[in-house]
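Q: Please take a close look at the salt bridges of this protein, and walk me through them slowly enough for a first-year student to follow.

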Amino acid sequence: MIGILGGTFDPVHFGHLRTALDVCEALALEQVRLIPCHLPPHRDQPVASSLQRVKMLEAAVQDYPAFVVDQRELGREGPSYSYDTLSSLRAEASAKTLCLLVGMDAFRGLTTWHRWRELIDLCHLVVMMRPGAEIPAQGELADFISLHRVAGAGELRQQAAGHLLFQPVTQLEISATDIRMRLAEGRSAGFLVPEDVREIINHEGLYQGRQ
Ligand code: ATP
């Protein structure tokens, strides 16, 4: 099974990395692909360039061979839709089981994603619990959950796509927004991001004086 974590990674932080490692271990994933988006459809443009975000990601995972930085969205024109990314991964991986990892906050916005109902035909959805974000109890998303939810990793292995799993992970109240704000205020990102990432941020003068 292959895990896929898409995001802005502006910058990558321990909230992404530790939780992805938790899922990797819990589901015995053979690989986790970290896919930085070029033009995020649902939010403001990143502060750091695509190149800088890749550089930080590469530095963050250098000692973790199961973690691979996948640049496929950076070469695409227009907005980065997860549906297109998953379609291209599915075409490459043919019969492999793909698990799209999303934080609970991102999952709560799923119904606004391009072709959201069809995503689950391409992969499993693994939702990482994030501090403060609850499982939706009513509405379209709640119906979708009751249709696809399974209780454990074993069920994910039985088919290549189509299931939804809520996966407990280490609760780390870290966000890239908070890190950018600290840096803009002249404070440190120490112990929130890997040291090599902090060095790149400092060396390139990233996130200083802007939010
Ligand atoms: P921002 O604060 O700029 O919105 P972010 O910290 O939420 O950024 P993203 O790159 O947007 O980071 O997130 C990519 C994915 O990682 C999303 O699915 C998000 O929910 C998840 N994620 C980010 N931080 C955490 C965290 N601390 N715990 C669990 N999941 C997280």
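A: A salt bridge here is a side-chain nitrogen of Lys or Arg within 4 Å of a carboxyl oxygen of Asp or Glu. With that cut-off in hand, please keep in mind that the model is predicted, and that a search of the whole structure finds 13 salt bridges.

A good place to begin is helix α1, where the side chains of aspartate 22 and arginine 18 form a salt bridge with a distance of 2.6 Å from N to O. The two residues are 4 apart within helix α1, which means that about one helical turn separates them. Their surroundings can be described by relative accessibility: aspartate 22, at 12%, counts as buried because buried means under 20%, while arginine 18, at 32%, counts as partly exposed.

A second salt bridge joins glutamate 140 and arginine 117, whose side chains meet at 3.2 Å, again from N to O. Glutamate 140 belongs to helix α6 (residues 140-148) and arginine 117 to helix α5 (residues 116-122), so this pair ties together parts that are 23 residues apart in sequence. Glutamate 140 is partly exposed, with a relative accessible area of 45%, and arginine 117 is also partly exposed, at 45%.

A third salt bridge is formed by the side chains of aspartate 10 and arginine 180, at 4.0 Å from N to O. This pair links distant parts of the chain, since aspartate 10 sits in the loop between β1 and α1 (14-26) and arginine 180 sits in helix α8 (residues 176-184), 170 residues apart. Aspartate 10 has 3% relative accessibility and therefore counts as buried, and arginine 180, with 11%, counts as buried too.

Salt bridges can also be joined into a network, and here one such network links Arg33, Asp70, Arg72 and Glu92. To place it, it helps to look at the elements around these residue numbers. Strand β2 covers residues 31-36 and pairs with β3 in the parallel sense over 3 bridges, and leucine 34 has valine 69 as its bridge partner in β3. Both strands belong to an open sheet of 6 strands with parallel pairing, in the order β3-β2-β1-β4-β5-β6, in which β3 (67-69) and β6 (164-167) are the edge strands, each pairing on one side only. Helix α3, which spans residues 82-93, lies across β1 (2-7), β2 and β4 (98-103), and runs at about 155° to β4.

Methods: Residues are numbered from 1 along each chain as its sequence is written. This is a predicted model: local features need pLDDT of at least 70, side-chain atom pairs count only at pLDDT 80 or more; totals for chains, interfaces and linings use all residues. Side-chain values use heavy atoms; hydrogens and water are left out. Two strands pair if DSSP finds at least two bridges between them. Contact means heavy atoms within 4.5 Å. Axes are lines fitted to C-alpha atoms, for helices over the stretch in contact, and angles run from 0 to 180 degrees between N-to-C directions. Buried means under 20% relative accessible area, exposed over 50%, partly exposed in between (1.4 Å probe, protein chains only).
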